[in-house]
Amino acid sequence: MKRVTDSLFSFARLGALLIKEFIQMRRDRITFAMMLGVPLMQLILFGFAINSDPKTLPAALLAMSNDQYTRAIVSALQNTDYYRFDHVATTAAEAEELMASGKVAFVVTIPSDFGRRVASGNQPQILIEADATDPSASSGAISTLGTIANRALLRAQGMQAAAAEAAKGQLQVVVHQRYNPEAISQYNIVPGLLGVILQMTMVMMTAMALTRETERGTMENLLAMPASPAEIMLGKVLPYLGVGAVQVVVVLGAAKLLFGVPFVGSLSLLLSAILVFVMALVLLGYTISTTARTQMQAMQLTFFFFLPSILLSGFMFPYRGMPGWAQAFGEILPLTHFLRIIRAVMLKGAEFPAIAHEIGILGLFVVFFAALALFRFRRTLD
């Protein structure tokens with residue numbers, strides 16, 4: 001009877017199996033690092049980096065006068081911590097260029113007769129234009145405008161509390177939400193989804209390019225071929241450009257036909273930027289495939305890269321609402337720059353000079369990932 005029981009269950013055998021699994025887990029360093037790294041990354045990003053109510057948003061001031069009332073309005077807006085006037089425009093064209101390029105989120109225009117209208121009680125007006133391509137980023141700042149501006153103006157006039165309440169509506173704040181006047185969230189989310197879908201599929205598929213060869217036992221045949229590392233790399237990544245092209249057609253078509261997202265820019269310019277972005281993604285995935293030993297490790301490394309890209313690129317949460325260190329980290333993610341490009345071209349009608357910087361950075365990603373992949377591939381030949 002004892003022998004039958006031992007054959008059914010043995011603590012000694014269970015202990016041996018547990019020791020074996022722990023040893024195997026320790027040897028798989030990538031998986032072990034993911035078990036610790038992913039929870040820590042989520043804690044740090046969600047705890048410190050994510051902020052749905054961004055402050056100190058860059059703004060441009062277009063003031064036709066420099067009287068005490070103008071200074072009071074500007075000072076009050078800065079004191080709310082929502083506005084940071086780091087640009088002073090001299091013309092309306094200059095202010096338009098600042099907003100179209102994404103350098104500022106707001107343009108505050110104070111007319112030349114503002115002081116005279118305040119003194120005569122002739123309902124002065126100020127114009128605030130907001131970049132509404134991301135409605136959640138500007139909603140908090142817009143909601144404080146009327147109250148803050150009126151209080152500042154009344155203080156500048158020296159009015160007491162009772163008189164201030166009676167004259168509460170004397171200042172008219174005109175708000176223009178540019179590029180997305182109805183604050184439709186789909187106009188912001190759907191174009192960004194193109195970048196997210198491309199990154200998820202392109203990186204994951206190419207990340208398993210070499211590891212698949214290793215697991216199937218065909219890696220030696222591949223290395224025995226009279227092909228250079230660059231030829232092998234291009235042979236692995238170029239077919240996925242066709243897959244990316246299909247996804248681009250599907251997403252852009254759905255954005256226009258299903259969600260009614262406006263497309264006011266150049267299609268050829270957008271497609272050129274998408275091509276550079278996809279090249280950076282497939283080369284990144286190929287670089288991961290030269291590091292991972294199994295397809296499971298390749299998928300884990302892809303997820304480890306995908307998570308901060310979603311959170312820090314400005315896709316889910318306002319980019320300008322994050323602290324400085326998080327924004328600096330977001331700058332090294334290709335998705336961050338692609339989101340700026342596609343939203344600028346589709347919603348703002350931006351031309352090449354306005355997005356040349358972002359396309360140039362994506363080009364640097366292509367060169368860097370290609371060089372790193374070739375270097376890593378040579379190391380895997382040993």
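Helices and strands are DSSP runs, numbered from the N terminus; helices hold at least four residues and strands at least two. On this basis, Y179 falls in the loop between strand 5 and helix 10 (186–207). The model is a predicted one.

The protein chain contains 19 helices and five strands. Of its 382 residues, 46% are buried. Its accessible surface comes to about 19400 Å². Carbon and sulfur atoms account for 64% of that surface. Contacts between residues at least 6 apart in sequence were also examined. In the protein chain, 78% of these join residues at least 24 apart.

The loop between strand 5 and helix 10 holds Y179 and also A183. Most residues other than glycine have a negative phi. Y179 has a positive phi of about 70°, although it is not a glycine. A183 is likewise a residue other than glycine with a positive phi, near 55°. The two residues can be set side by side for accessibility. The relative accessible area of Y179 is 15%, under the 20% limit, so Y179 is buried. A183 has a relative accessibility of 34%, between the 20% and 50% limits, and therefore counts as partly exposed.

Positive phi values also follow two helices. G102 comes just after helix 5 and takes a phi of about 85°. G217 comes just after helix 11, with a positive phi of about 80°. Helix 5 spans residues 92–100, and its buried residues include A95, L98, M99 and A100. The cover over the buried residues of helix 5 includes strand 1, strand 2, strand 3 (106–110), strand 4 (125–131) and strand 5 (172–178). Helix 18 is also part of that cover. In helix 11, residues 209–216, the buried positions are A209, L210, T211 and E213.

G102 reappears at the largest pocket. This pocket encloses about 790 Å³ of space. Its lining consists of 37 residues. G102, D131, Y319, R320 and R340 are the lining residues nearest the pocket centre. By class, the lining comprises 13 nonpolar, 12 polar and 12 charged residues. Several elements each supply at least two lining residues: strand 1 (57–63), strand 2 (83–88), helix 7 (135–143), helix 18 (334–348) and helix 19 (352–380). Helix 18 gives the most, with six residues. Helix 18 thus recurs in two settings: it contributes to this lining, and it helps cover helix 5.

The largest nonpolar core has 86 residues. Within this core, L194, L198, I274, V282, L283, Y286 and I355 touch the most other members. Helix 15 (residues 267–291) provides the largest share of this core, 14 residues. Another core lies apart from it, with 22 residues, among them L61, L77, F85 and I128. Contacts of L283, in the largest core, were traced beyond its neighbours within four places in sequence. They are made with M233, V366, F369, A370 and A373.

L270 also belongs to helix 15. Its relative accessibility is 0%, under the 20% limit, so L270 counts as buried. With residues up to four places away in sequence left out, L270 touches L252, F263, I342, V345 and M346. The C-alpha atoms of L270 and I341 are separated by 7.7 Å. Along the chain, L270 and I341 are 71 residues apart.

T56 gives a further case of residues distant in sequence. T56 sits in the loop between helix 3 (29–49) and strand 1. At 41% relative accessibility, T56 falls between the 20% and 50% limits and therefore counts as partly exposed. T56 is in contact with D81, Y82 and R84, not counting residues up to four places away in sequence. T56 and A141 are 85 residues apart in sequence. In space, the C-alpha atoms of T56 and A141 are 9.5 Å apart.

Key:
Residues numbered from 1 in each chain as written. Predicted model: local features only at pLDDT ≥ 70, side-chain atom pairs only at ≥ 80, totals over all residues. Heavy atoms only, no water. Buried < 20%, exposed > 50% of the residue type's maximum accessible area, 1.4 Å probe, protein only. Contact = heavy atoms within 4.5 Å. Areas by Shrake-Rupley, 256 points an atom, 1.4 Å probe, with all protein chains shown as cover. 1 Å grid on protein atoms, 1.4 Å probe; cavity = no way out; pocket = protein on both sides within 12 Å on 5 of 7 lines; lining within 4 Å. Points joined across faces, edges and corners; volume = space filled by probe spheres on them. Nonpolar A, V, L, I, M, F, W, Y, C, P; charged D, E, K, R; others polar. Core = buried A, V, L, I, M, F, W, Y, C linked by side-chain atoms within 4.5 Å.
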